[in-house]
Amino acid sequence: MYNFEFEQPTTVADAVKALSEEDAQALGGGQTLLPTMKQRLAMPSKLVSLTAIDEIKGVKKDGDQLVIGGGTTHGTVAREASADYPGLAGLASKIGDPAVRNRGTMGGSLANNDPSACYPAALLASGGTVVTDRREIAADDYFQGMFTTALEEGEIITAVKLPIPEKSNYQKFEQPASRFPLVGVFVAKYAGGVRVAVTGASNEGVFRWTEAEEALSGDFSASALEGLSASAEGMISDIHGSSEYRAHLIGVMTKRAVTAAA
Amino acid sequence: MTSVKMTVNGKSVSGEVEGRTLLVSFLREQAGLTGTHVGCDTSQCGACLVHVNGDAVKSCTMLALEAEGADVATIEGQANADGSLNVIQQAFQDHHGLQCGFCTPGMVMSAAALLKENPKPSESEIRNYLQGNICRCTGYHNIVKAVLAASGQDVGAIAAE
């Protein structure tokens, strides 16, 4: 990779200051950014590591929601969210492999918004909130297409607030080589209704399957989804699966998630 | 160049590195510890797996400067104090858990991380945990046997021969 300057601040304020320089880039756990830089697809002049900032790490319960620091690793979420939000912990426990989960962070995944990443589905299905160094952004406003989010230049995800559902589950159909979901579906049942978020499938990145949400809000069972099919329009089509195949998988994964929800 | 200092296998190691110097490069080229291998350099294969502050990480996907002040453990620090193989290494030898040996440092370090958090893993838990360690000799069955044996469990019941 091209060389760069490296900084490792210990406070959010110092990180924001370091990121104000042109071509400076925040570095979370580096499990996507470093491979991207090795391929010379990214060439920031300065990397600002967020891994030494303790104030953006940890999982804590605050009333009826879980607040997770942006710098919290997948491994920590898998362990510490399991009692309060098992659907989220289950998702975190299956990202990549154990070593990747010890470095990769929730904030990093959400900031990158890979169309096949797992966490975007959890945030969107939970109707959560992204907290940054300067504001709060609702999940429904946060995702703006493949690798695109509402974040401004140099804006850091300090925490994510996720309302704890009554029941939830995440099911993914893995592309066996990359282990990213070919299609992943997160289902979350709240007193006010059900939310269903789909990742891996669409050219636009994560999205809500509203027809399924309506059906499941009336009857939270796999049979409520009978006869319902997601549209293949706008779905990704590649050597791993056609858009029709991915659309079909959305229905299958949603049913599995509803059946497994706890 | 920036100076970096960390503890590797209990000894203090320091050097001068660039921002882009990977932890694995620092370990191999500056600390002289070539037991940690670079297999794929894309965080797929796990041959570069080491422990940083007790956690398994892929050292090809971490910068040396990110390990400033950290406690790093590599394969070179795994043997017993008298130089004999530790229980995991011995189990790999006893159960023929390696063929060419290229992936072995990562496999042993991954197994050590697994047994620390789960001292009696099932066969499927072992296979699941080793998902990020690739062996191109396809020696997985004997590796899984070795990890089972290292955890003091019976290897006779393993599914595949």
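Trainee: What separates the centres of domain 1 of chain A and domain 2 of chain A, taken over C-alpha atoms?

Mentor: A distance of 19 Å separates these two centres in the predicted model. Local features in this predicted model need pLDDT of at least 70, side-chain atom pairs count only at pLDDT 80 or more, and totals for chains, interfaces and linings use all residues. Residues are numbered from 1 along each chain as its sequence is written, while chains are lettered from A and ligands numbered from 1 in the order in which they are written.

Trainee: What makes 5-49 domain 1 of chain A?

Mentor: The domain assignment gives domain 1 as 5-49, beside domain 2 (54-163) and domain 3 (167-260). Such bounds come from an automatic or database domain assignment.

Trainee: How many residues of domain 1 and domain 2 of chain A are in contact?

Mentor: Domain 1 gives 12 residues and domain 2 gives 17. Contact means that the C-beta atoms of two residues, placed from the backbone, lie within 7 Å. Helix 1 (residues 12-19) brings 4 residues, the largest share of the domain 1 side. Helices (H or I, at least four residues) and strands (E, at least two) are DSSP runs, numbered from the N terminus.

Trainee: Why are strand 1 and strand 3 of chain A said to pair?

Mentor: Two strands pair if DSSP finds at least two bridges between them. Strand 1 and strand 3 (residues 46-49) have 3 bridges, in the parallel sense, so they pair. In strand 3, A:Val48 is the bridge partner of A:Glu7.

Trainee: What is the order of the open sheet in chain A?

Mentor: The 3 strands run 1-3-2, with parallel pairing. Strand 1 (5-7) and strand 2 (24-27) are the edge strands, since each pairs on one side only.
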